[in-house]
Amino acid sequence: MLIITPRLIEVMIAQARKEHPYETCGIIAGVEGSNKPKRLIPMQNVAQSRTFFQFDSKQQLQVWREMTARGEEPIVIYHSHTDSAAYPSREDVLYASEPQAHYVIISTTNTHSDSVRSFRIVNGTVTEERIKQVAEQEAALTMRLEMV
Ligand SMILES: [Zn+2]
């Protein structure tokens, strides 16, 4: 289950709408092991494509270095589908390399307008999970309860 604030969901949708018809992409970093997405970092889709995304390698290196320095990891890795449902494509599964991350897909097509779904992708296996939207303080409480 992905526990996330409504505001972060809104920001991802806004970015996806803005970059439509190209796929948008980015990550939400959080403290390592916390499973709590906190710091949203929009990434540049160097592919400028309607069917796939590719992080800018320089930006990726810089962002990943920064996370390491701050004791963070990518909790959410998100991108949009501008012409298909919010479900991982073959390439999405192939290039998913963070087993601890929640892979969020935002669909900006008319038929699937603004649907947001979350998946775990581990060793080529896709598992959809529930997204639970909670306000900031509530999220902290839920995380504490789950750790008991
Ligand atoms: Zn995709």
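Strands β2 (residues 25-31) and β4 (residues 72-81) run antiparallel to each other and are joined over 7 bridges. Val31 sits opposite Glu72 of β4 in this pairing. Keep in mind that you're looking at a predicted model.

That pair belongs to a bigger arrangement: an open sheet of 6 strands, laid out as β3-β2-β4-β5-β6-β7, with mixed pairing. The edges are taken by β3 (39-43) and β7 (125-129); each has a single partner strand, so one side of each has no neighbour in the sheet. Going from one strand to the next, the twist averages 30°. As a general reminder, strands of a sheet pair through backbone hydrogen bonds, in either a parallel or an antiparallel way.

Now for the helices that pack on those strands. Here are two of them, α1 and α2.

| Helix | Lies across | Angle |
|---|---|---|
| α1 (residues 6-19) | β2, β3, β4, β5 (102-107) and β6 (115-122) | about 50° to β5 |
| α2 (residues 57-70) | β2, β3 and β4 | about 145° to β4 |

Stepping back, the protein has 4 helices and 8 strands, and along the sequence they come in the pattern β-α-β-β-α-β-α-β-β-β-β-α. Of the contacts between residues at least 6 apart in sequence, 63% link residues at least 24 apart.

What about the inside? Of the 148 residues, 28% count as buried. The largest nonpolar core is made of 22 residues, and those with the most contacts inside it are Ile27, Val76, Ile77, Tyr78, Tyr103, Val104 and Ile106. Two or more core residues come from each of α1, β2, β4, β5 and β6.

Val76 makes a handy entry point if you want to click around in the core. Skipping neighbours within four places in sequence, Val76 is in contact with Ile27, Ile28, Pro37, Ala101, His102 and Val104.

Also on β4 you'll find His81. Is His81 buried or exposed? His81 is buried, because 26 other C-beta atoms lie within 10 Å, and the cut-off for being buried is 20 or more. Once residues up to four places away in sequence are set aside, His81 touches Glu23, Ala86, Ile105 and Ser107. His81 and Ile106 are 25 residues apart in sequence, yet their C-alpha atoms are 6.1 Å apart in space. Ile106 has already come up, as one of the residues with the most contacts inside the largest nonpolar core.

Note on methods. Residues are numbered from 1 along each chain as its sequence is written. This is a predicted model: local features need pLDDT of at least 70, side-chain atom pairs count only at pLDDT 80 or more; totals for chains, interfaces and linings use all residues. Two strands pair if DSSP finds at least two bridges between them. Axes are lines fitted to C-alpha atoms, for helices over the stretch in contact, and angles run from 0 to 180 degrees between N-to-C directions. Two residues are in contact if their C-beta atoms, placed from the backbone, lie within 7 Å. A residue is buried if 20 or more other C-beta atoms lie within 10 Å of its own, exposed if 12 or fewer, and partly exposed in between; C-beta atoms are placed from the backbone. A nonpolar core is a set of buried Ala, Val, Leu, Ile, Met, Phe, Trp, Tyr and Cys residues joined through C-beta atoms within 7 Å.
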